[in-house]
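Here are a few exercises to work through with the structure open beside you. Try each one before reading its solution.

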Amino acid sequence: MEELKKFSSEMMEENEMDGYQKIDRYNPEKIKDISSKYYDILKDIGEDPDREGLLKTPERVAKALQYLTHGYDLKPDEILKSAMFTEEYSQMVLVKDIEVYSMCEHHLLPFFGKAHVAYIPNGKVVGLSKIPRVVDAYARRLQVQERLTNEIRDCIQDTLSPLGVAVVIECKHMCMSMRGIQKQNSVTTTSAFTGEFISNEKTRFEFMQLIASHLS
Ligand SMILES: Nc1nc2c(ncn2[C@@H]2O[C@H](COP(=O)(O)OP(=O)(O)OP(=O)(O)O)[C@@H](O)[C@H]2O)c(=O)[nH]1
Ligand SMILES: [Zn+2]
């Protein structure tokens with residue numbers, strides 16, 4: 001328990017050092033609270049939380065959990081708005097192979113894979129890096145893959161008002177591989193479209209072709 005008490009000030013230093021934008025999520029009080037619960041959980045699973053190897057584990061887990069859910073502190077629409085530029089380009093813009101790390105809301109186990117996101121500009125383009133940032137902002141929460149897919153689509157559509165948005169996500173779910181049904185190789189693919197990706201079959205086909213080599 002001594003370990004839990006002394007890290008409040010260390011935490012503050014860390015916040016300042018790592019340039020982490022979501023300072024509030026590294027709130028020492030929250031970390032302390034989560035840590036003490038994990039201390040009890042370690043006991044509940046039959047471990048000795050006071051043995052050397054586990055002394056800092058509750059704190060580490062609390063910090064990891066905060067990192068893995070820091071998307072709650074982000075405003076994805078603001079991320080997009082921060083870099084929108086007027087541009088005449090009106091062909092498809094595709095950012096593919098965006099790494100996704102999220103946690104299923106049912107088991108708090110990871111699901112991970114790739115997202116492919118495309119849009120067709122309607123007078124405005126967005127800074128390319130902002131697309132993976134939006135993916136992260138929604139992925140770093142407790143999620144189901146379907147909602148994650150829809151939220152990314154809706155955010156881009158509502159904020160940028162493009163002629164269409166397409167999102168395809170393919171992930172492996174640890175809750176299906178390391179427990180439960182224990183299928184090691186299954187991959188779940190979800191998709192969500194708006195505008196021209198729905199109304200124009202050729203556009204959707206072009207998008208699917210461009211990402212085809214990445215789908216299993
Ligand atoms: N639709 C959807 N289901 C998910 C996702 N992640 C996990 N699940 C599923 O959520 C379901 C929860 O079902 P329950 O029967 O309540 O939980 P469970 O007894 O642990 O289920 P099993 O995993 O089949 O052992 C499971 O079928 C999981 O595979 C996701 O992103 N989308
Ligand atoms: Zn799950």
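**Exercise 1.** Which residue just after H2 takes a positive phi?

Solution. Keep in mind that you're looking at a predicted model. Step just past the end of H2 and you land on Gly-46, whose phi is positive, about 95°.

**Exercise 2.** Check whether the length of helix H2 agrees with its residue count, then work out how its buried and exposed residues are arranged.

Solution. Start with the length. Helix H2 runs over residues 28–44, which makes 17 residues, and at 1.5 Å a residue it should span 24 Å; its end C-alpha atoms are 24 Å apart, so the two agree.

Next, pick out the buried residues of H2: Ile-31, Ser-35 and Tyr-39. They cover an arc of only 85° around the axis, so they sit on the same side of H2. This pattern fits a general rule: an α-helix has 3.6 residues a turn, so residues three or four places apart point the same way.

Now flip to the face of H2 turned away from that buried side. There you'll find the exposed residues Glu-29, Asp-33, Lys-37, Asp-40 and Asp-44.

**Exercise 3.** Find where UniProt places the feature "binding site", and decide whether those residues gather at one spot or lie scattered.

Solution. The record, an unreviewed entry, puts the feature at Cys-104, His-107 and Cys-175. They span 72 residues in sequence, yet no two of their C-alpha atoms are more than 7.9 Å apart, so they gather at one spot.

Let's look at two of them. Cys-104 lies in strand E2 and Cys-175 in helix H7. Cys-104 has 18 other C-beta atoms within 10 Å, so it counts as partly exposed. For Cys-175 the count is 16, which makes it partly exposed as well.

Setting aside neighbours within four places in sequence, Cys-104 is in contact with several residues, including Val-144, His-173 and Cys-175. From the other side, Cys-175 has contacts that include Cys-104, His-106 and His-107.

**Exercise 4.** Describe the surroundings of ligand 1.

Solution. First list the shell: Cys-104, His-106, Val-144, Gln-145, Glu-146, His-173, Cys-175, Met-176, Gly-180 and Ile-181. Two elements give two or more residues to it, helix H6 (145–160) and helix H7 (174–177). Then sort the shell by character: 5 residues are nonpolar, 4 are polar and 1 is charged.

**Exercise 5.** Compare Leu-108 and Gln-182: what is phi in each, and is each residue exposed or partly exposed?

Solution. Leu-108 isn't a glycine, yet its phi is positive, about 55°. You'll find Leu-108 in the loop between E2 and strand E3 (110–120). It has 13 C-beta neighbours inside 10 Å, so it counts as partly exposed.

Gln-182 also has a positive phi, near 55°. Its place is the loop between H7 and strand E7 (188–193). With 8 C-beta neighbours inside 10 Å, Gln-182 counts as exposed.

**Exercise 6.** How far apart are Val-95 and Ser-129 in sequence and in space, and which residues does Val-95 touch?

Solution. Find Val-95 in strand E2 (residues 93–104). Along the sequence, Ser-129 is 34 residues away from Val-95, while in space their C-alpha atoms are 9.1 Å apart. Not counting residues up to four places away in sequence, Val-95 touches Val-117, Leu-128, Ile-131 and Pro-132. Val-95 is partly exposed, because it has 17 other C-beta atoms within 10 Å.

Definitions and conventions:
Residues are numbered from 1 along each chain as its sequence is written. Chains are lettered from A and ligands numbered from 1 in the order in which they are written. This is a predicted model: local features need pLDDT of at least 70, side-chain atom pairs count only at pLDDT 80 or more; totals for chains, interfaces and linings use all residues. A residue is near a molecule or strand if its C-beta atom, placed from the backbone, lies within 6 Å of it. Helices (H or I, at least four residues) and strands (E, at least two) are DSSP runs, numbered from the N terminus. Ala, Val, Leu, Ile, Met, Phe, Trp, Tyr, Cys and Pro count as nonpolar, Asp, Glu, Lys and Arg as charged, and the others, Gly among them, as polar. The expected span of a helix is 1.5 Å times one less than its number of residues. A residue is buried if 20 or more other C-beta atoms lie within 10 Å of its own, exposed if 12 or fewer, and partly exposed in between; C-beta atoms are placed from the backbone. The arc is that of the directions from the helix axis to the C-beta atoms. Two residues are in contact if their C-beta atoms, placed from the backbone, lie within 7 Å. UniProt positions are given in the numbering used here, feature names are shortened, and annotations may be inferred rather than shown by experiment.
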